[in-house]
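I pulled this one up to go through its fold piece by piece. These are my notes, in the order I looked things up.

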Amino acid sequence: MPAPSLVARVQRLSAEERRCRTAFTREAITEIMAYGAMVGSAVELFQRRERCMDYARALIRDYETAGHSFPSGQVFIARELAAGKGRFARSWHAPAGGLWLTLVLVNTLLPQHGRFYSLAVGVACAETLRSFGVPASIKWVNDILLNNRKLAGTLIETDRGLHGAEEYVLIGIGINVNNDRFPSELLGLAGSMKEVLGRETPVEEVAARLLCKLRWNLGLLHYVEARQLAAEGDTGEPPEKHPLLESWRQLSDTIGRRVMFGFDIQRQPQYEAVVEDIEPSGGLVLRHLADGAIIIEHAGEIIYLD
């Protein structure tokens, strides 16, 4: 599917998205979709790249050097990545058959609302897989799992641009769609949609649905900020009953789990805990197993111990 056809498919799916959001008024849905409309408004496809995030950073500098604003919502999709990376520069297995996508946004959110980018992206990924009949769940921060096997993952980085006038949010998403052969170190740890469904799924259709879900959830993030600013001004905190928190709770299997926490869990695990909840600012609420202390973590990683 060429890029223009993919963009048109996302536009058509938006009507379906509007119909399924029955918890919101018609006026709210229109506003949310307007906020998210920039997502996927332009898409560039590649057969193979080293890493889409690196390409996006270079392109941002090219735009700024030429005196142009980088278009917020630009998407880059590669059919294969040669040097995919996850958190802490870990190698990411990204062969043909999967969806490897980078979305670039100009960050206009206040810091307290910007903390919810990761929640919005995780919810969008889980909703996308579930729309294909894959009952995946979110593991904090943003791994998408089924039966403790990773089907998708996300990575969020920021970039200040050439002159620091704009902050860009680079959102990397990888979904194992039809790629069902994994290196030995990932056997039993990774899975794919193909393995779950027993058939292949068009990668372009997964991309279109993902972009549509991102439009909604990122649009919702902006909508909530705008509503709060209109009602209360800048309070310095997001609203306590943020709709993205509720969506995350419904889609996550993290709450109630016994976990190991660490900032870089593979190199330096720190402590065992039970996940109690996610609190209004988006932090994970943990009960330390050694002394019962309640700890709130906004960054880091967990692995499940049960």
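What follows are my entries on the sheet, one helix that lies across it, and a few loop residues.

**Entry 1: what I am looking at**

I am working from a predicted model, so I read everything below as a property of that model.

**Entry 2: the sheet**

I began with strand order. I find an open sheet of 7 strands, ordered 1-2-3-7-6-5-4, and the pairing is mixed. Which strands sit at the edges? I get strand 1 and strand 4, each of which pairs on one side only. I also looked up the twist: neighbouring strands are turned by 20 degrees against each other on average, direction ignored.

**Entry 3: strand 2 and its partners**

Next I went to strand 2, residues 74–78. Is this strand mostly covered or mostly open? It is mostly covered, with 5 of its 5 residues buried. I checked which way the side chains go: Gln74, Phe76 and Ala78 point one way, Val75 and Ile77 point the other way, and all are buried.

Then I looked at the pairing on either side. Strand 1, residues 42–46, runs parallel to strand 2, and 5 bridges join them. Strand 3, residues 99–106, runs antiparallel to strand 2, again with 5 bridges. Phe76 made a handy marker for me here. Glu44 stands opposite Phe76, and in strand 3 the bridge partner of Phe76 is Thr102.

I carried on from strand 3 to strand 7. These two pair in the antiparallel sense over 8 bridges. Leu101 is the residue I noted there, standing opposite Ile173 in strand 7.

**Entry 4: helix 3**

How do strand 1 and strand 2 connect with helix 3? I traced strand 1, helix 3 (residues 52–65) and strand 2, and together they make a right-handed β-α-β unit.

I checked the length of the helix as well. Helix 3 has 14 residues and reaches 20 Å from its first C-alpha to its last, close to the 20 Å expected at 1.5 Å a residue.

Which residues of helix 3 are buried? My list is Cys52, Met53, Tyr55, Ala56, Leu59, Ile60 and Glu64. They cover an arc of only 165 degrees around the axis, so they fall on the same side of helix 3. I then asked what they pack against, and got strand 1, strand 2, strand 3, strand 6 (149–159) and strand 7 (168–175). Helix 3 lies across those strands, and its angle to strand 7 is about 155 degrees.

Last item here: just after helix 3, Gly67 takes a positive phi of about 80 degrees.

**Entry 5: backbone oddities**

I went hunting for unusual backbone next. My yardstick is that most residues other than glycine have a negative phi, and most peptide bonds are trans.

A cis peptide bond turned up between Trp140 and Val141, with omega about 5 degrees. I placed Val141 in the loop between strand 4 (137–139) and strand 5 (143–146).

Two asparagines came up on the phi check. Asn147 has a phi near 55 degrees, a positive value in a residue other than glycine. Asn148 is also positive, with phi near 65 degrees. I find Asn147 in the loop between strand 5 and strand 6, and Asn148 is in that loop too.

Are they buried or exposed? Asn147 has a relative accessible area of 69%, so I count it as exposed, the cut-off being over 50%. Asn148 comes out at 43%, so I put it down as partly exposed.

**Entry 6: Leu110**

Leu110 is in the loop between strand 3 and helix 4 (111–114). Its relative accessibility is 24%, so I log Leu110 as partly exposed. What does Leu110 contact, leaving aside neighbours within four places in sequence? I get Glu225, Leu229 and Asp234. Asp234 is 124 residues away along the chain, and I get 8.6 Å between its C-alpha and that of Leu110.

**Entry 7: Ser137**

I finished in strand 4, where Ser137 is found. Ser137 has a relative accessible area of 14% and therefore counts as buried, since that takes a value under 20%. Not counting residues up to four places away in sequence, Ser137 touches Arg130, Asp143, Ile144, Leu145, Leu251, Ser252 and Asp253.

How values were computed. Residues are numbered from 1 along each chain as its sequence is written. This is a predicted model: local features need pLDDT of at least 70, side-chain atom pairs count only at pLDDT 80 or more; totals for chains, interfaces and linings use all residues. Side-chain values use heavy atoms; hydrogens and water are left out. Buried means under 20% relative accessible area, exposed over 50%, partly exposed in between (1.4 Å probe, protein chains only). Helices (H or I, at least four residues) and strands (E, at least two) are DSSP runs, numbered from the N terminus. Two strands pair if DSSP finds at least two bridges between them. A crossover is right-handed if, with the strands pointing away from the viewer, the path from the first strand over the helix to the second runs clockwise. The expected span of a helix is 1.5 Å times one less than its number of residues. The arc is that of the directions from the helix axis to the C-beta atoms. Contact means heavy atoms within 4.5 Å. Axes are lines fitted to C-alpha atoms, for helices over the stretch in contact, and angles run from 0 to 180 degrees between N-to-C directions.
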